[in-house]
Amino acid sequence: LGRRGTKRKVEAKEEDKTSTEEKKARGENAHEEAVYGRNAEEVKSALLAARPELTVVCNPEKPRRNSFEITLLDGAKETSLWTGIKKGPPRKLKFPQPDDVVAALKDALKTE
């Protein structure tokens with residue numbers, strides 16, 4: 001009987017540990033979403049400042065996990081302006097400088 005009581009206490013501790021890990025994971029996801037959202041807003045502002053006639057849409061469909069991509073859609077034609085998928089660590093390399101995206105947009109519009 002003594003062992004059973006001990007086992008239950010160990011199992012309870014493991015459950016508490018798991019719930020703590022889950023809470024941390026959820027917190028990290030919220031922080032991660034805030035980082036991606038903040039960078040997306042900075043890029044969106046820069047693009048609209050450069051070309052006010054553009055329509056900028058953030059995440060029309062669920063994005064790839066841990067990725068930051070910017071694509072120019074012109075009808076059926078898609079042109080990638082930035083992809084941070086293969087960049088990093090550190091994570092900050094996954095995000096472009098807004099000026100770099102504006103320069104890529106101007107280059108893409110010149111070639112059309």
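Mentor: A residue is buried under 20% relative accessible area, exposed over 50% and partly exposed in between, with a 1.4 Å probe and protein chains only. This is a predicted model, in which local features need pLDDT of at least 70 and side-chain atom pairs count only at pLDDT 80 or more, while totals for chains, interfaces and linings use all residues. Residues are numbered from 1 along each chain as its sequence is written, and side-chain values use heavy atoms, with hydrogens and water left out.

Trainee: In what order do the elements of the protein chain run from the N terminus on?

Mentor: Helices (H or I, at least four residues) and strands (E, at least two) are DSSP runs, numbered from the N terminus. The protein chain has 2 helices and 2 strands. From the N terminus on, their order is α-β-β-α.

Trainee: What percentage of the 112 residues in the protein chain is buried?

Mentor: The exposed surface of the protein chain is about 9,000 Å², of which carbon and sulfur atoms supply 50%; such areas come from the Shrake-Rupley method with a 1.4 Å probe, and for residues only the protein chains shown count as cover. Of the 112 residues, the buried share is 21%.

Trainee: Which element supplies the largest share of the largest nonpolar core?

Mentor: A nonpolar core is a set of buried Ala, Val, Leu, Ile, Met, Phe, Trp, Tyr and Cys residues joined through side-chain atoms within 4.5 Å. The largest one has 16 residues, and those with the most contacts inside it are Val43, Leu47, Phe68, Ile70 and Leu81. Two or more residues come from each of helix 1 (2-50), strand 1 (69-74), strand 2 (77-83) and helix 2 (98-111). The largest share, 6 residues, is that of helix 1.

Trainee: Which residue in strand 2 does Ile70 stand opposite?

Mentor: Contact means heavy atoms within 4.5 Å. Leaving aside neighbours within four places in sequence, Ile70 is in contact with Val43, Thr79, Ser80, Leu81, Trp82, Pro96 and Val101. In strand 2, the residue opposite Ile70 is Trp82.

Trainee: Which residue in the turn of the hairpin has a positive phi?

Mentor: Two strands pair if DSSP finds at least two bridges between them; here strand 1 and strand 2 run antiparallel and are joined by 6 bridges. Leu72 stands opposite Thr79 in strand 2. The hairpin has 2 residues between its strands, and the one in the turn with a positive phi, about 70 degrees, is Gly75.

Trainee: Is Ser67 buried or exposed?

Mentor: Ser67 lies in the loop between helix 1 and strand 1. Not counting residues up to four places away in sequence, Ser67 touches Tyr36 and Ile85. Because its relative accessible area is 10%, Ser67 is buried.

Trainee: What distance separates the C-alpha atoms of Gly84 and Glu69?

Mentor: Gly84 is in the loop between strand 2 and helix 2, and it counts as buried because its relative accessibility is 0%. Beyond residues up to four places away in sequence, Gly84 touches Phe68 and Lys94. Gly84 and Glu69 are 15 residues apart along the chain, and their C-alpha atoms are separated by 6.2 Å.

Trainee: Why does Lys94 count as buried?

Mentor: Lys94 also has its place in the loop between strand 2 and helix 2. Apart from neighbours within four places in sequence, its contacts include Tyr36, Asn66, Phe68 and Trp82. Lys94 counts as buried because its relative accessibility is 14%.

Trainee: What is the relative accessible area of Ile85?

Mentor: Ile85 is found in the loop between strand 2 and helix 2. Not counting residues up to four places away in sequence, Ile85 touches Arg64, Ser67, Glu69 and Lys94. Ile85 is partly exposed because its relative accessible area is 25%.

Trainee: What arc around the axis of helix 2 do its buried residues cover?

Mentor: Helix 2 has 14 residues and reaches 20 Å from its first C-alpha to its last, close to the 20 Å expected at 1.5 Å a residue, where the expected span is 1.5 Å times one less than the number of residues. Its buried residues are Pro98, Val101, Val102, Leu105 and Ala108, whereas Asp99, Lys110 and Thr111, on the other side of helix 2, are exposed. The arc is that of the directions from the helix axis to the C-beta atoms. The buried residues are on the same side of helix 2 because they cover an arc of only 125 degrees.
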